[in-house]
Amino acid sequence: MSDTNCTRLTRITSPCGLCGLLFTLLAIAGAALAKPLPTMPVLPLELAHKAVLAAVSACSADGYRVSAALVNRNGVLKAFARADGAGPHTVDSSRHKAYTAASLREPTAKFATLIVEHPELQALRDMNASILILAGGLPIRIDGEFIGGIGVGGAPGGHLDERCARAGLAAIEAEADKP
């Protein structure tokens, strides 16, 4: 063995050299075993704005002054639009309907009907302060992936709010649950 090789061997077998080698081996093994972080689809802000504007426009065309809110999959507000002259209550009702649709991943009208048919489920209304079980909120799915909820409030009937929310979904080519 030459002096150069002995020197290398000595460095590797010294306590500092062994620690460095061990650390490197553990880092390589950890990287090999590490699981990739999960990824989730996100609706771009431009499309979120397009959806709420389309929903408000659809209701405005029918003479209804409404608000529309869009929330991400966690129920956090992403986009909001309020027609001129829409009532102040429409701000909260649209956001709460969007939150409810996102949280429960179903149209809010489904739960409104469910509570009427099964009064023992009235407690669904009280799950938290952001839940609003009135028609007008829809989950948003694109390419089969759940990404959030849209809610409309202010038309004279939840079925009309829902129709406008569906117009918002159509504007961004999102999948709509059957009415």
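1. Two strands pair here if DSSP finds at least two bridges between them. By that rule, β1 and β2 pair in the antiparallel sense over five bridges, and leucine 70 has alanine 79 in β2 as its bridge partner. Helices (H or I, at least four residues) and strands (E, at least two) are DSSP runs, numbered from the N terminus.

2. A word on the basis of this note. This is a predicted model, in which local features need pLDDT of at least 70 and side-chain atom pairs count only at pLDDT 80 or more, while totals for chains, interfaces and linings use all residues. Residues are numbered from 1 along each chain as its sequence is written, and side-chain values use heavy atoms, with hydrogens and water left out.

3. Now the overall layout. The protein chain has six helices and four strands, and from the N terminus on its elements run α-α-α-β-β-α-α-β-β-α. Of its 179 residues, 36% count as buried (under 20% relative accessible area, with exposed over 50% and partly exposed in between; 1.4 Å probe, protein chains only). Among contacts (heavy atoms within 4.5 Å) between residues at least 6 apart in sequence, 63% join residues at least 24 apart.

4. The sheet is a good place to look next. It is open, with four strands in the order β2-β1-β4-β3 and antiparallel pairing. β2 (77-82) and β3 are at the edges with a single partner strand each, so one side of each is left without a neighbour in the sheet. Neighbouring strands are turned by 20 degrees against each other on average, direction ignored.

5. Strand β1 (residues 67-72) also pairs with β4, antiparallel and over six bridges. Along this pairing, alanine 68 has valine 152 in β4 as its bridge partner, leucine 70 has isoleucine 150, and asparagine 72 stands opposite glycine 148. β1 is mostly covered, with five of its six residues buried.

6. On the other side of the pairing list, strand β3 (residues 137-142) runs antiparallel to β4, joined by six bridges; proline 139 stands opposite glycine 149 in β4. Eight of the nine residues of β4 (residues 145-153) are buried, so this strand is largely enclosed by the rest of the structure.

7. Both hairpins deserve a glance at their turns. Four residues lie between β1 and β2, and glycine 75 in that turn has a positive phi of about 85 degrees. The hairpin of β3 and β4 has two residues between the strands, and there aspartate 143 takes a positive phi near 55 degrees.

8. Next, the helix that lies across the sheet strands. Helix α4 (residues 89-104) lies across β1, β2, β3 and β4, running at about 155 degrees to β4. Axes are lines fitted to C-alpha atoms, for helices over the stretch in contact, and angles run from 0 to 180 degrees between N-to-C directions.

9. Finally, the pair α3 and α6. The axes of α3 (residues 45-61) and α6 (residues 158-171) come within 7 Å and cross at roughly 140 degrees. The two helices are therefore oblique to each other (angles under 35 degrees count as roughly parallel, over 145 as roughly antiparallel, 65 to 115 as roughly perpendicular and the rest as oblique). In α3, the contact includes Lys50, Ala54 and Cys59, and in α6 it includes Leu160, Cys164 and Gly168. The residues of this contact divide into ten nonpolar, one polar and one charged (Ala, Val, Leu, Ile, Met, Phe, Trp, Tyr, Cys and Pro are nonpolar, Asp, Glu, Lys and Arg charged, and the others, Gly among them, polar).
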